[in-house]
Amino acid sequence: MSLNKSFQNLPRLVQIILLLIPGVNWITEICVRLSAALHGKALKQLIVLIFAILPTGVLLGWIDLFSCLFQKKLILT
């Protein structure tokens, strides 16, 4: 099972807490995006992974926090 699927199976409160803490948010983004790139549509996920690694990854994490709140999934996964 990929880390992306494991993250999706976590309770929503745990997902939100992981995405709410700034340093943990960035590491979670990179790990989940890397796992999604290895197990899914690689080109789209690689582009998003590059954005997650750059300083824009913190912004992407905050966007994913709101996406997780409203859609129950990370954006572009």
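Let me start with a pair of helices: α2 and helix α5, which covers residues 56-71, pack at an angle of about 165°, and their axes lie 9 Å apart. Because angles over 145 degrees count as roughly antiparallel, that angle makes α2 roughly antiparallel to α5. Please keep in mind throughout that what we are looking at is a predicted model.

Staying with this pair, α2 passes α5 in a left-handed crossing. On the α2 side, the residues that make the contact are Arg12, Gln15, Ile16, Leu19 and Leu20, while α5 contributes Gly61, Trp62, Asp64, Leu65, Cys68 and Leu69. If we sort the residues of this contact by class, we find seven that are nonpolar, two that are polar and two that are charged.

Two of the α5 residues in that list, Trp62 and Cys68, come back in what follows, and I will take Trp62 before turning to the cysteines.

Following the chain out of α2, which spans residues 12-20, we come to Ile21, placed in the loop between α2 and α3. How far apart in space are Ile21 and Trp62, C-alpha to C-alpha? The two are separated by 41 residues in sequence, yet the distance between their C-alpha atoms is 9.7 Å. As for its surroundings, Ile21 has a relative accessibility of 41%, and it therefore counts as partly exposed.

Beyond that loop comes helix α3, made up of residues 22-39, and Thr28 is one of the residues in it. Is Thr28 buried or exposed? With a relative accessible area of 12%, Thr28 is buried, since the cut-off for that label is under 20%. Once its neighbours within four places in sequence are set aside, Thr28 is in contact with Phe7 and with Leu18.

Now to the cysteines, which I expect some of you will want to ask about. How many disulfides does a search of the whole structure find? The search finds zero. As a reminder, a disulfide is a covalent bond between the sulfur atoms of two cysteines. For Cys31, the closest cysteine sulfur is the one in Cys68, and because it is 16 Å away, it is too far for a bond; the cut-off used here is a pair of sulfur atoms within 2.5 Å. Looking from the other end, the closest cysteine sulfur to that of Cys68 is in Cys31, again at 16 Å. The settings of these two residues can be put side by side: Cys31 is partly exposed, at a relative accessible area of 35%, whereas Cys68 is buried, at 1%.

Definitions and conventions
Residues are numbered from 1 along each chain as its sequence is written. This is a predicted model: local features need pLDDT of at least 70, side-chain atom pairs count only at pLDDT 80 or more; totals for chains, interfaces and linings use all residues. Side-chain values use heavy atoms; hydrogens and water are left out. Helices (H or I, at least four residues) and strands (E, at least two) are DSSP runs, numbered from the N terminus. Buried means under 20% relative accessible area, exposed over 50%, partly exposed in between (1.4 Å probe, protein chains only). Contact means heavy atoms within 4.5 Å. Axes are lines fitted to C-alpha atoms, for helices over the stretch in contact, and angles run from 0 to 180 degrees between N-to-C directions. Angles under 35 degrees count as roughly parallel, over 145 as roughly antiparallel, 65 to 115 as roughly perpendicular and the rest as oblique. A crossing is left-handed if the near helix is turned anticlockwise from the far one by less than a right angle, and right-handed if clockwise. Ala, Val, Leu, Ile, Met, Phe, Trp, Tyr, Cys and Pro count as nonpolar, Asp, Glu, Lys and Arg as charged, and the others, Gly among them, as polar.
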